[in-house]
Amino acid sequence: MLGWIIIASIVTAGLSIALVGMFATRAQGNAASSAFESVARQPEAGDQINRMLLFALAFIETIVIFTLTISLILLFANPLLGRLQ
């Protein structure tokens with residue numbers, strides 16, 4: 001039973017960080033692309049668009065950091081392993 005939990009934790013940590021990294025990168029690219037298009041259409045609103053883009057990129061990056069933290073907890077300080085012993 002302990003071996004299966006370790007294997008499931010490793011697979012879950014790897015898949016979660018890979019999928020979140022892939023989709024977060026895609027989301028950041030889409031956000032930056034949309035912001036550049038918006039600034040090209042309305043150059044007078046460039047400062048406001050840049051500010052909103054930075055907030056959006058920070059929120060997207062926060063999701064990646066949370067996922068990385070949970071993945072590291074699963075790999076190195078798994079709370080499920082303590083319950084079995």
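## Helix packing in a predicted model

Thr 67 has its place in helix 2, and at 13% relative accessibility it counts as buried, the cut-off being under 20%. The model is a predicted one, and this briefing follows helix 1 and helix 2, their contact with each other, and several residues chosen from the two helices and from the loop after helix 2. The two helices pack at an angle of about 175°, with their axes 9 Å apart.

**Helix 1**

- Helix 1 runs over residues 2-41, and its 40 residues reach 58 Å from the first C-alpha to the last, which is close to the 58 Å expected at 1.5 Å a residue.
- The buried residues of helix 1 are Ile 5, Ser 9, Ala 13, Ala 24, Ala 31, Ala 32 and Ala 35, and what covers them includes helix 2 (46-76) and helix 3 (79-84).
- Gly 29, found in helix 1, is partly exposed, with a relative accessible area of 38%; its C-alpha atom is separated by 9.5 Å from that of Leu 57, although the two residues are 28 residues apart along the chain.
- Arg 41, also found in helix 1, is exposed, with a relative accessible area of 63%, and the C-alpha atoms of Arg 41 and Val 11, which are 30 residues apart along the chain, are separated by 45 Å.

**Helix 2**

- The 31 residues of helix 2 should span 45 Å at 1.5 Å a residue, and the 44 Å between its end C-alpha atoms agrees with that expectation.
- Gly 46, Ile 49, Leu 53, Ile 60, Val 64, Thr 67 and Ser 71 are the buried residues of helix 2, and helix 1 is included in what covers them.
- Leaving aside neighbours within four places in sequence, Thr 67 is in contact with Ser 16, Ile 17 and Val 20.
- Val 64, likewise found in helix 2, counts as buried at 17% relative accessibility, and, with neighbours within four places in sequence left aside, it is in contact with Ile 17, Val 20 and Ala 24.
- The C-alpha atoms of Val 64 and Ala 18 are separated by 9.9 Å, while the two residues lie 46 residues apart along the chain.

**Contact between helix 1 and helix 2**

- Two packed helices are described by the angle between their axes and the distance between the axes.
- For helix 1 and helix 2 the angle is about 175°, and because angles over 145 degrees count as roughly antiparallel, the two helices are roughly antiparallel to each other.
- Sorted by class, the contact of helix 1 with helix 2 has 19 nonpolar, 9 polar and 1 charged residues.

**Nonpolar core**

- The largest nonpolar core has 5 residues in all, namely Ala 31, Ala 35, Ala 45, Ile 49 and Leu 53, and helix 1 and helix 2 each supply at least two residues of this core.
- Ala 31 and Ala 35 appear among the buried residues of helix 1, whereas Ile 49 and Leu 53 appear among those of helix 2.
- An α-helix has 3.6 residues a turn, so residues three or four places apart point the same way.

**Loop between helix 2 and helix 3**

- Asn 78, which lies in the loop between helix 2 and helix 3, counts as buried at 10% relative accessibility.
- Apart from neighbours within four places in sequence, Asn 78 is in contact with Ile 5, Ser 9 and Ile 73; of these contacts, Ile 5 and Ser 9 are listed among the buried residues of helix 1.

Methods: Residues are numbered from 1 along each chain as its sequence is written. This is a predicted model: local features need pLDDT of at least 70, side-chain atom pairs count only at pLDDT 80 or more; totals for chains, interfaces and linings use all residues. Side-chain values use heavy atoms; hydrogens and water are left out. Helices (H or I, at least four residues) and strands (E, at least two) are DSSP runs, numbered from the N terminus. The expected span of a helix is 1.5 Å times one less than its number of residues. Buried means under 20% relative accessible area, exposed over 50%, partly exposed in between (1.4 Å probe, protein chains only). Contact means heavy atoms within 4.5 Å. Axes are lines fitted to C-alpha atoms, for helices over the stretch in contact, and angles run from 0 to 180 degrees between N-to-C directions. Angles under 35 degrees count as roughly parallel, over 145 as roughly antiparallel, 65 to 115 as roughly perpendicular and the rest as oblique. Ala, Val, Leu, Ile, Met, Phe, Trp, Tyr, Cys and Pro count as nonpolar, Asp, Glu, Lys and Arg as charged, and the others, Gly among them, as polar. A nonpolar core is a set of buried Ala, Val, Leu, Ile, Met, Phe, Trp, Tyr and Cys residues joined through side-chain atoms within 4.5 Å.
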